[in-house]
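Hi,

Here is the structure I said I would pass on. Have a look at it first, and then read my notes underneath.

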Amino acid sequence: MSRCPQCGRRTPRNRKFCDRQCWAAYRAAHADRSPQARARRRAALARDFASGTLTEAQYRARLAEYRAQDLV
């Protein structure tokens with residue numbers, strides 16, 4: 001068994017993180033905050049909204065989450 005790099009708990013078989021919350025926290029802490037990455041995130045979000053994959057509520061929620069984590 002290995003240990004979760006975020007919290008240190010033991011992880012279930014062949015998994016790097018113990019749960020989704022640890023994975024999300026790790027991704028937020030290690031996210032690429034370069035101008036190019038920010039532009040890619042904005043473009044992907046706009047593309048998904050324009051194609052109808054995201055509703056307006058989902059778009060606004062994801063945008064608010066990105067802003068809270070300083071990703072856009």
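Below is what turned up, going from the whole chain down to single residues.

First, a caution: this is a predicted model.

**The chain as a whole**

The protein chain has three helices and zero strands, so in sequence order the pattern reads α-α-α. How spread out is the protein chain, next to a compact globule? Its radius of gyration is 15 Å, while the globule rule gives 11 Å for 72 residues; the chain is well over that, and therefore more spread out than a compact globule. If you want dimensions to go with that, the C-alpha trace spans about 45 × 25 × 20 Å along its principal axes.

A few other totals may help you get your bearings. Of the 72 residues, 21% are buried. The accessible surface is about 5600 Å², with 49% of it belonging to carbon and sulfur atoms. And if you take contacts between residues at least 6 apart in sequence, 20% of them join residues at least 24 apart.

**Before H1**

Ser2 sits in the segment before H1. Its relative accessibility is 37%, so it counts as partly exposed. Leaving aside residues up to four places away in sequence, Ser2 touches Arg9, Arg10, Thr11 and Arg15. Ser2 and Arg15 are 13 residues apart along the chain, and their C-alpha atoms are separated by 8.0 Å.

**H1 and the aromatics**

Searching the whole structure gives four aromatic pairs. One of them is Trp23 with Tyr26, a stacked pair with 6.4 Å centre to centre and 15° between the planes. Where do Trp23 and Tyr26 lie? Both are in helix H1 (residues 20-29), three residues apart, which is about one turn of the helix. That spacing fits a general rule: an α-helix has 3.6 residues a turn, so residues three or four places apart point the same way.

Neither partner is buried: Trp23 has 40% relative accessibility and so counts as partly exposed, and Tyr26, at 25%, counts as partly exposed too. Phe17 joins Trp23 and Tyr26 to form one aromatic cluster.

**H2, with a buried side**

Helix H2 covers residues 35-51. Its 17 residues should span 24 Å at 1.5 Å a residue, and the end C-alpha atoms are indeed 24 Å apart, so the two values agree. Which residues of H2 are buried? They are Ala37, Arg38, Arg41 and Leu45. These cover an arc of only 105° around the axis, which means that they are on the same side of H2. On the other side, Pro35, Gln36, Arg40, Arg47, Ala50 and Ser51 are exposed. It is worth colouring those two sets separately when you open the model. The cover over the buried residues of H2 includes helix H3 (56-68). Right after H2 comes Gly52, with a positive phi near 90°.

**H3**

H3 has 13 residues and reaches 18 Å from its first C-alpha to its last, close to the 18 Å expected at 1.5 Å a residue. Asp70 follows H3, and its phi is positive as well, near 60°.

That is everything from my side.

Best wishes

Notes:
Residues numbered from 1 in each chain as written. Predicted model: local features only at pLDDT ≥ 70, side-chain atom pairs only at ≥ 80, totals over all residues. Heavy atoms only, no water. Helix = DSSP H or I, 4+ residues; strand = E, 2+ residues; numbered from the N terminus. Expected span 1.5 Å × (residues − 1). Buried < 20%, exposed > 50% of the residue type's maximum accessible area, 1.4 Å probe, protein only. Arc of directions from axis to C-beta. Contact = heavy atoms within 4.5 Å. Rg over C-alpha atoms; globule rule 2.2 N^0.38 Å. Areas by Shrake-Rupley, 256 points an atom, 1.4 Å probe, with all protein chains shown as cover. Phe/Tyr/Trp six-rings, centres within 6.5 Å; stacked < 30°, edge-to-face > 60°.
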